[in-house]
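Student: Could we go through this structure together, a piece at a time?

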There are 2 protein chains.
Amino acid sequence: MISFKNAFDHVLRHTPDFGNETVALTHSTGRILDEDVRADRDFPPFHRSTKDGIALAFSAVERGENRFKLEGVLSAGMPQKTLSSDHNCLEIMTGAVLPKGADTIVMYEEIEIHDGWATLTKTPKKGQNIHRQGSDEQEGAILLKKGSLISAAVIGVLASVGKTEVSVKKLPEICVVSTGNELVEVNEKPLPHQIRKSNVLSLASALEKVGITPSLLHLADEKNSIETKLAEALLTHDILMLSGGVSKGKFDFIPEALEALGVEKIFHRVAQRPGKPFWFGIQKEKQKIVFSFPGNPVSTFANYHVYFLPWLNKCLTLEPQRQTVVLEAPLDPHPSLTLFVQVTVKWDQGQTLARPIKGNGSGDLVSLAQADGFVCVPVGDKEIAKGSVLDFFQAS
Amino acid sequence: MISFKNAFDHVLRHTPDFGNETVALTHSTGRILDEDVRADRDFPPFHRSTKDGIALAFSAVERGENRFKLEGVLSAGMPQKTLSSDHNCLEIMTGAVLPKGADTIVMYEEIEIHDGWATLTKTPKKGQNIHRQGSDEQEGAILLKKGSLISAAVIGVLASVGKTEVSVKKLPEICVVSTGNELVEVNEKPLPHQIRKSNVLSLASALEKVGITPSLLHLADEKNSIETKLAEALLTHDILMLSGGVSKGKFDFIPEALEALGVEKIFHRVAQRPGKPFWFGIQKEKQKIVFSFPGNPVSTFANYHVYFLPWLNKCLTLEPQRQTVVLEAPLDPHPSLTLFVQVTVKWDQGQTLARPIKGNGSGDLVSLAQADGFVCVPVGDKEIAKGSVLDFFQAS
């Protein structure tokens, strides 16, 4: 049995690069950019009016003029015009191109218009209300770096430089595997000794949030079919994510089958609760990775968040995010196990406060549904006081 | 011009219920339950072993016996068996049904097995290692309340009670409308005075994260076509979300067109930056709502997060979530405008720290792509000190 820290370090040492692929801009939200994105022209591409009003030449104001003849109207989308004389002005709308010969924009609130003439009611500043060409970014500048997460705002930048397609980090192909003869499908009525599959659906839902649609596979407790099916799943996926089948029981043929398939055990059993019988292995030759989580819901769910998500983020070259919370009630550590305790959290005065949930052990799916995540309680023998800061793993 | 608080209250006073619909369990992640979900049987449904080991009758241990004849093996998925004598025991795997006649489970680590006999190496406690029938929830109990957000863990609960389909709150049908002759499509090469559409793609990406796939519509600056197209969009959608077209300019025909279509202006212009020319209206008769955001990227994006998301959550009966952060650098308020300042955030010691981004005004899409969200800076005239707590709107 190894420590949580050891297990975590082992997992994060095996983070393959799954390559890249090109996807449509409209399907790229949440993905990781695999290219630098540059400005295809200046941002903004022209001196752009930021107000509705009039464009004029400041030289006239300096000479003391404050009444200008209107010679036309410019709106966004019109090609650049020219102000024919600095005694005149042009009406200009937000987003329109500053006309040649003008250098200052005065908004409607600061002028009066009568009979084709605009009179200033407030003295403008030279150059005001213009979003200057190239002032945000110059042509050729890197706007988005390789490795950026594609957020809604990033989509806006990509659209503005004409990227209808983007190169993104490929996500791993994952097969989520349920095990055990006690499981029946969701649409079946279980006999008294049976239960419906729930872990794999929960994992599929969590994976959906990181953009991955896994395959689902079920293994009954039969040695031969287990090996055949696992071999096939390993061929067609990067990652196997198993739920159940790695405890010490007589019918747990899976570790054996995996080793027969060339998957090397990196560790089995971690000094943690829940999730002690976690088995982690790799098939070196083909860079396949197997996360084999214990079968009960809370263990599987905790391990997914504690190990798999940081692993995935590292594979995708995302910066690790260490989230911490403040305990709202004391917690007892375990003398030899790292604990992952279900909590609800709330925000208060800039702090995130975590309150432990009284669950009924690692089989209690219902209390899990109320949790916002898990706090990590290090091994120890002294009560962890209210107000202490702990690492937090947010539930999907 | 009304205050931010007033505008916000107005928006939250118009939160229709969009009804419900039935969706497949596998498509329900992120939706809001519109039914109470009850346990269809006890949770767990039988006395369930939580360890791999042996099942025995504690009465024998009380009599001083510590050696038991193995009479078989029970695994998860087998119907309940009976222990024939309290001198004997049955091997039992995690998840299996406790046999009749047994009441205690001893794990392999605390026994030795030789020649078909198990010898206890540690005295068990009566009833240990059993997850008792109904101890999590009893048949008929409400496991999930109407109004719950369907998280990955909730999916597990729904699966376990056999809900292949669930009743969820319907999401509004939204039409995202771009306006202005200066806009060209993402795949087009803009002329010097043109720019590519970006706001509507940004909004569509943000909406995708709340499960909504909007229609997209573009309105050129032509009075007649604007009214026809808006009429059609209003007929077929619950919500119009416009970007641009509501400032004071000569070519902004939209407020007029909306009023002609029976959309009543609730307010226009809010004492805030960015996003001052925000226009909000409703068509009372048919409960249609129009969010008309200013056309520049930062204004649209800020308004979406500040107004639309809380509005949507209220429509869906979700509890309002007030997030707060601690300022890492001082900020100057505005004497008469509420400011929404772009920030990056990081977690530290249970606190969320926010650092303002030096952006280049409301047209700067690139700085927006670096922001984690906006802090709300109330109207005022004194510097807001480092360490102050401000409301926070997280970017999608």
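Below, we talk about one sheet and one residue.

Tutor: Happily! This is a predicted model, where local features need pLDDT of at least 70, side-chain atom pairs count only at pLDDT 80 or more, and totals for chains, interfaces and linings use all residues. Residues are numbered from 1 along each chain as written, chains are lettered from A and ligands numbered from 1 in written order, and side-chain values use heavy atoms, leaving out hydrogens and water.

Student: Which strands stand at the edges of the open sheet in chain B?

Tutor: Strands here are DSSP runs of E, at least two residues, numbered from the N terminus, and two strands pair if DSSP finds at least two bridges between them. The order is β16-β13-β17-β21-β20-β18, with mixed pairing. Each edge strand has a single partner, so one side is left without a neighbour in the sheet: these are β16 (215-219) and β18 (264-268) of chain B.

Student: Which residue is the bridge partner of G281(B)?

Tutor: Strands β20 (residues 279-283) and β21 (residues 288-293) of chain B run antiparallel, joined by 5 bridges. In β21(B), the partner of G281(B) is V290(B).

Student: Is T300(B) buried or exposed?

Tutor: T300(B) lies in helix α7 (residues 297-315) of chain B; helices are DSSP runs of H or I, at least four residues. Buried means under 20% relative accessible area, exposed over 50%, partly exposed in between (1.4 Å probe, protein chains only). Because its relative accessibility is 2%, T300(B) counts as buried.
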